Amino acid sequence: MPNPDSVPSTPGKFKVEKYRLRWHSSPLAKLTFCSFIFTGLIVVFLFRSSPTNGMPSSTSQFDSSRRSLRTFSVREPAWEKRVRSSVKVRAHNGMTVLVTGAAGFVGTHVSAALKRRGDGVLGFDNFNDYYDPSLKRARQSLLERSGVFIVEGDINDKHLLTKLFEIVSFTHVMHLAAQAGVRYAMQNPSSYVHSNIAGFVSLLEVCKSANPQPSIVWASSSSVYGLNTKVPFSENDRTDQPASLYAATKKAGEEIAHIYNHIYGLSLTALRFFTVYGPWGRPDMAYFFFTRDILKGKSIPIFESQKLGTVARDFTYIDDIVKGCLSALDTAGKSTGINGKKTGKAPLRVFNLGNTFPVKVSDLVCILERILKVKAKTMVMKLPRNGDVEYTNANISLAERELGYKPTTDLQAGLKKFVKWYLSYYKTGKRGAE
Ligand SMILES: NC(=O)c1ccc[n+]([C@@H]2O[C@H](COP(=O)([O-])OP(=O)(O)OC[C@H]3O[C@@H](n4cnc5c(N)ncnc54)[C@H](O)[C@@H]3O)[C@@H](O)[C@H]2O)c1
């Protein structure tokens, strides 16, 4: 796997820069470049003067709608059929849910669980290369086998989202698409703004104009508690001291949600997930790359905390998170906007979804050693100032009360399931465990 820190989350961004540098380096390249521009101008001229293109005239609208709609005209009947078939509801009173980030770790599990109980589900994902996209493709195949289709697109593409809302009357949106990861924000800050702020606003704009408006449940993060020292973290604790840009974009998302609820009557529920782990997980997370590195005999870094010995996390097993997500969808009250205008008060909720038993990272390593039957090589080092916090611990009493949320999997049991999946997924050597 390429170093996740060296690739952009929005594919193409860095490549453009490199490309430009190379083009300036030789006369032959310059000549080729000029002919390329000249041919391009002729093509653009012919296309714009074509009487059949029938697109809106403003430049930005023209560009993005052409991109989406041209793709539709190529694949329209088959593509639309797949969209419709994916959202078929089988359960009495089932929901029709658009799941963004469906090729991601949490998105795959949530989509599969919704489908299993008879809800209609359509996935949406841009398959970016923040981490090995082949893992996202494998999750996509898994979902396809259970009848969930993932539309490939970016949440910033309002035309594509609007088209989907024209085809399907979504009752709910489960919004999980985001640029995740705390440390990567130091390498590629704009990817966080692109997906977590601009992308969220783009999605909310489409939802607010939809008739009927869907109810939205979306992933915030425990990272919004930042440097808060009052433990366990409760929903009313201060969240104005983020320790990373990732946390700041999630906090911004919570404020943005407030606006769309207040002005447009969208029903919005934010779920603050606490370190989610499990099968089909994210390779950039410690439990995942510790497993890989322990098996490879590579040494792993364990960060020291001033107070605790080593840093500690409230690790939460994926099945518990999925139950919390489904119950947040089930209890989300309706949005009240009609034609983009609020007609009454709509719910605006925030819940912690954690496990409530923080575990020191050194203990996580001991559990992995026992399950893998391999002694880890460790290097204990000071926690660098890279966005990570020393300690997370959820107070889940609000979610218990209102969602009936009750996590049931402890770290030992959850890691056993993760390792079982990991060994079977990477066993043949066909898939490199990077
Ligand atoms: N896993 C955790 O421990 C954890 C903790 C707190 C919060 N969260 C949040 O939960 C959500 C799901 O996390 P995950 O662990 O499944 O991460 P993930 O990276 O596996 O999934 C996110 C998915 O969103 C897609 N995506 C990103 N930007 C997009 C865009 N602009 N348009 C369309 N698709 C886009 C990615 O391709 C990816 O498949 C995220 O919002 C994340 O911030 C996760």
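1. W280 is buried in this predicted model, because 20 C-beta atoms of other residues lie inside 10 Å of its own, and 20 or more is the count that burial requires. The residue sits in the loop between β7 (276–277) and α9 (286–296), and its phi is near 65°, a positive value in a residue other than glycine.

2. K373 invites a reading alongside W280, since its phi is also positive, near 55°, and it too is a residue other than glycine. Its place is in the loop between α11 (361–372) and β14. Is K373 buried or exposed? K373 is exposed, because its C-beta has 6 other C-beta atoms within 10 Å, and a count of 12 or fewer is what exposure requires.

3. In strand β14 (residues 377–382) one finds K382, which counts as exposed because it has 9 C-beta neighbours inside 10 Å. K382 and E304 are separated by 78 residues in sequence, yet their C-alpha atoms are 5.0 Å apart in space.

4. For the protein chain as a whole, the secondary structure comes to 13 helices and 14 strands, and 42% of the 434 residues count as buried. Among the contacts in the chain with a separation of 6 or more, 81% are between residues 24 or more positions apart.

5. The pairing of helix α7 (residues 189–209) with helix α8 (residues 245–264) deserves a careful look, their axes coming within 10 Å and crossing at roughly 15°. The two helices are therefore roughly parallel to each other, the angle being under 35 degrees, and α7 passes α8 in a right-handed crossing. On the α7 side the contact includes P189, Y192, V193, N196 and I197, and on the α8 side it includes L245, Y246, T249, K250 and A252. By class, the residues of this contact divide into 13 nonpolar, three polar and two charged.

6. P189, which belongs to helix α7, is one of the residues that meet α8. It counts as partly exposed, because 14 C-beta neighbours lie inside 10 Å. From P189 to Y246 the distance is 8.4 Å, C-alpha to C-alpha, although 57 residues separate them in sequence.

7. Helix α7 also packs with helix α6 (residues 158–167), at an angle of about 35° and with the axes 10 Å apart. The crossing of α6 past α7 is right-handed, and the residues making the contact are K158, L161, T162 and F165 of α6 together with S202, L203, E205 and V206 of α7. These residues divide into four nonpolar, two polar and two charged.

8. A further helix pair is formed by α4 and helix α10 (residues 318–331), whose axes come within 10 Å and cross at roughly 60°. That angle makes α4 oblique to α10, and α4 passes α10 in a right-handed crossing. Which residues of α4 and α10 meet? V106, H109, V110, A113 and L114 in α4 meet I318, I321, V322, C325 and L326 in α10. The contact has nine nonpolar residues, one polar residue and no charged residues.

9. Around the ligand there are 27 residues, of which G101, G104, F105, A178 and A219 come nearest. At least two residues of this shell are supplied by each of α4 (105–116), α7 and β5 (215–221), with α4 giving the most, namely three residues. By class, the shell has twelve nonpolar, eleven polar and four charged residues. Helix α4 thus appears both in the ligand shell and in the contact with α10, while α7 appears in the shell as well as in the contacts with α8 and α6.

10. Two peptide bonds preceding proline should be checked in the viewer. The bond joining N211 and P212 is cis, with omega about 0°, and P212 has its place in the loop between α7 and β5. The peptide bond from V231 to P232 is likewise cis, with omega near -10°, and P232 is found in the loop between β5 and α8.

Note on methods
Residues numbered from 1 in each chain as written. Predicted model: local features only at pLDDT ≥ 70, side-chain atom pairs only at ≥ 80, totals over all residues. Axes fitted to C-alpha atoms, helices over the stretch in contact; angles between N-to-C directions. Helix = DSSP H or I, 4+ residues; strand = E, 2+ residues; numbered from the N terminus. Parallel < 35°, antiparallel > 145°, perpendicular 65-115°, else oblique. Left-handed = near helix turned anticlockwise from the far one by under 90°. Contact = placed C-beta atoms within 7 Å. Nonpolar A, V, L, I, M, F, W, Y, C, P; charged D, E, K, R; others polar. Near = placed C-beta within 6 Å.
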